[in-house]
Amino acid sequence: MTRRTLIAFPAALLPVPEPGRPRGLRLWFREPARHFTQSLPLGNGRLGAMVFGGAPAERIVLNESSMWSGSVQDADLEGAADALPEIRRLLMEGRNAEAEHLVNRHFVCKGKGSGHARGKDLPYGCYQTLGDLRLEFQHPAETSGYMRELDLETAVARVAYEAGGARFEREIFASAPAQALLIRLACSRPGGLSFRAWLSRAERASVRAEGERALLLAGALADGKGGDGVRFAARLEVDAEGGKIAASEDGIRVEGATTATLRLTAATNYVRFARLSAQDPAAACLAQQRLARRPWQELKRAHIADYRKWFARFWLDLGPGRDELPTPERLRAAQERGGDAALAALYCQYGRYLLISSSRPGGLPANLQGIWAEELQTPWNGDWHLNINVQMNYWPAEATGLSELHEPLLALTASLAQPGARTARVYYNARGWVAHVITNAWGFTAPGEQASWGATSSGSGWLCQHLWEHFLYTGDLGFLRRAYPVMRDAARFYADILVEEPKHGWLVTAPANSPENSFLLPDGRRAAVCLGPAFDMQLLRYLFGAVMEASRLLGVDEEFRRELETKRARLAPSRIASDGRLMEWLEEYREAEPQHRHVSHLWGLHPGSEITPEETPELAAAARKSLEARGDGGTGWSLAWKVSFWARLGDGDRALRLLRNLLQPVPASESGVRVTGGGTYDNLFCAHPPFQIDGNFGGAAGIVEMLLQSHNGVLRLLPALPAEWKDGRMTGARARGGFAVDLAWRSGRLEEARIRSLLGRALRVRYAGVTVERPTRAGETVLLTARDFAARRTD
């Protein structure tokens, strides 16, 4: 057995290409966007933009992450707890339909809730577009040599073309250091740049000129109670080299310039848990403009340096690809002919790009569309769904070196504890706190407005998994001390609501849903409300175990730890049905939708880890049968989840098949709500349909899961490597336990792994069925090759 130890190696152990090389990490097009899902997303975590790249008319959709209508409301239905005993009695007797009827009458939220995903004018509210920035150029409409691209290594978008014998170029980025959207326009002919720029919004806003070079858009969103809610403002300033500038209510006109710089700042007075608010949004916009009035190259250097401190931490090379093709053509070619391994690497890095662009410390979490929306009524209100969607948004954060970007979700979780405590009392007479299935910018924690999906009480438990996962990756005890009360009180809620089911004496949740799924009762009626679905039980085993371990590490709450230990042991176990599949419900109900998009009863396979091929082979085989029955179709995010399921089962080729299904081209015109036909739009946005960003993040995480896993105290190298990715490398990946991992492989075999210990913990590594162990010191790097595992096999 060979051991090689390198001390104090750099975090990035293999060279990372400089910006611009290779050109594969870009999206590019030969024509302007006609639809939102063909445009190019930019963002600094708070400000977002979608660049259509039109010539001679440009449209840039503007977003600001706190553009939320609605307001804080009391959505808890007083007296709900009075109905709880009868609901539970009916469920114990197998009268699920009658119990569901009672839930709909007495155990949903007060009022209209999310408005069936149309909450724009309700107190629940809706995430909305800030408006549009439009540019109208004075040159011939006929163009040639058109190119539009988004460079993922620099987070800069570019548009270039020729018109009227001159070359026109645009360079656009959303700067975090300057807190501004910055645009540089240039014409190759001196004095050949003339255009009008204006701001617009469909409702609740007005625009006025401020001096000769600025426009101010300002307004207020509806609070859902008949008044004004969040106030907002956006300020556009224009400078030009040569020519004339004049501003009026219909825009800023530039005549006869050679170059021009546009700066767009935006702010709201939103106040909750994120550190975003400005008492006077217009004044905040002006103050931000002063920070952005610097030379273009200085602004650009600062932006790229800020962005690359995140992006350059991780690199992935899966082999050659067809980056000479425009992105839409490349997607189609990959489906028709295959063989583009680099497309998967691009998709993974695009997911990281989107997270860097939509989630920064101190801000709001990425919502169902990240921060990018062109509507006033965004699909599903653009909120945070707690039954997989917002969690999936953050699956790549820890594993791909973006741990700090996890903070907005962790802050959202903590912010829900106070309103969730009232919800726990009103509905369950329970200690602790709960959030059900949806939440918004105003701290909504009540059940949803329909029993078929809104009775899911597991949202808070799943959110708390992210608190514990952040600790597992970082080992940050200071963070754990802050997070522990939130985790503990979530566990207290579940410990209080558990009831004993009559057949086996197991402890279960009631009422409950297996998220958004339903079953058929013996008499043929369809129901969704049930006792203790597998999803809840797996999640609670994880949460109770995490809180128990945290309490031991912190030396607190010994009595409560014993309570959790006792109740955890009595939770209903994961079971195998008579057909060999993992049971989704306590009873072997017939499924109303056998290929339903949610696969929640496999939570214990991923993102949980109680089901593994090594430790629970029978349950893993049952999970495989369940996946086979669910099929390889579904919505975009469902396909992304299945990539990770198959990766956890060690089937790389099947995981790659699901990834290909996720990359199935979806026409940009396909924007209606569907629960099948998921895939990818021309700009690589995930298609639910419509656009929903969770699949982008889930797909990125799934690709990494195929190459590195670290659950249950073991680092697994290349656990689900598909045959097509025979040669490759990955640098800067992170693993639970505090390890940074670089991998290289050739001809489908591990070439070397360099594993840097950040915390000095014992290292257990598995490859090709063999496990090796090493003690480590903080800062030490352990080098392993395939020979180390082969030697262990013959010991």
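**Group meeting talk: a walk through the predicted model**

Let's start at Gln377, which is found in the loop between H6 and strand S19 (384-385). Helices (H or I, at least four residues) and strands (E, at least two) are DSSP runs, numbered from the N terminus. Two notes on the source. This is a predicted model, where local features need pLDDT of at least 70 and side-chain atom pairs count only at pLDDT 80 or more, while totals for chains, interfaces and linings use all residues. Residues are numbered from 1 along each chain as its sequence is written, and side-chain values use heavy atoms, with hydrogens and water left out.

Back to Gln377. Is Gln377 buried or exposed? Its relative accessible area is 16%, so Gln377 counts as buried. Buried means under 20% relative accessible area, exposed over 50%, partly exposed in between (1.4 Å probe, protein chains only).

Now its polar contacts. A polar contact is a pair of N or O atoms within 3.5 Å; within protein, one must be able to donate a hydrogen and the other to accept it, and residues adjacent in sequence count only if both atoms are side-chain atoms. The side chains of Gln377 and Asn381 make one at 2.9 Å. A polar atom of the Gln377 side chain also lies 3.0 Å from the backbone nitrogen of Lys120. Leaving aside residues up to four places away in sequence, Gln377 touches Ala117, Arg118, Gly119, Lys120 and Cys126. Contact here means heavy atoms within 4.5 Å.

Lys120 leads us to Ser69. The side chain of Ser69 reaches the backbone oxygen of Lys120 at 2.9 Å. Where is Ser69? It lies in the loop between strand S5 (57-64) and helix H1 (80-92). Ser69 has 1% relative accessibility, so it counts as buried. Not counting residues up to four places away in sequence, its contacts include Gly119, Lys120, Cys126, Leu221, Ala222 and Trp442. For scale, Ser69 and Gly401 are 332 residues apart in sequence and 33 Å apart in space, C-alpha to C-alpha.

Next, strand S13 (residues 214-222). Seven of its nine residues are buried, so S13 is largely enclosed by the rest of the structure. Which strands does S13 pair with? Two strands pair if DSSP finds at least two bridges between them. S13 pairs with strand S12 (residues 205-209) in the antiparallel sense, over five bridges. Val207 has Leu217 in S13 as its bridge partner. The hairpin of S12 and S13 has four residues between the strands, and Gly211 there takes a positive phi near 75 degrees. S13 also pairs with strand S14 (residues 228-241), antiparallel again, over eight bridges. There, Leu215 is matched with Leu236 in S14. That hairpin has five residues between the strands, and Gly224 takes a positive phi near 80 degrees.

On to another sheet. Four strands form an open sheet in the order S28-S29-S33-S34, with mixed pairing. S28 and strand S34 (770-774) stand at the edges with a single partner strand each, so one side of each has no neighbour in the sheet. S28 runs antiparallel to strand S29 (residues 715-717), joined by two bridges. Leu708 stands opposite Leu717 in S29.

Now the empty space. Rolling a probe the size of a water molecule over the atoms shows where empty space is left. On a 1 Å grid over the protein atoms alone, a cavity is a set of points where a 1.4 Å probe fits but cannot get out, and a pocket is an open set with protein on both sides within 12 Å along at least five of seven lines; lining residues have an atom within 4 Å of a point. Grid points are joined across faces, edges and corners, and a volume is the space filled by probe spheres set on the points.

How many cavities of 30 Å³ or more does the structure hold? Five. The largest has about 270 Å³ of space. It is lined by 20 residues, and the closest to its centre are Trp395, Glu469, Tyr473, Glu705 and Arg736. H12 gives the most to that lining, four residues. S28, from our open sheet, supplies at least two.

The second largest cavity holds about 150 Å³. Among its 14 lining residues, Ala334, Asp340, Leu656, Arg660 and Leu663 lie nearest its centre.

Last, the largest pocket, with a volume of about 680 Å³. Of its 33 lining residues, Trp468, Leu472, His711, Asn712 and Gly713 lie nearest the centre. H14 gives the largest share of the lining, seven residues.
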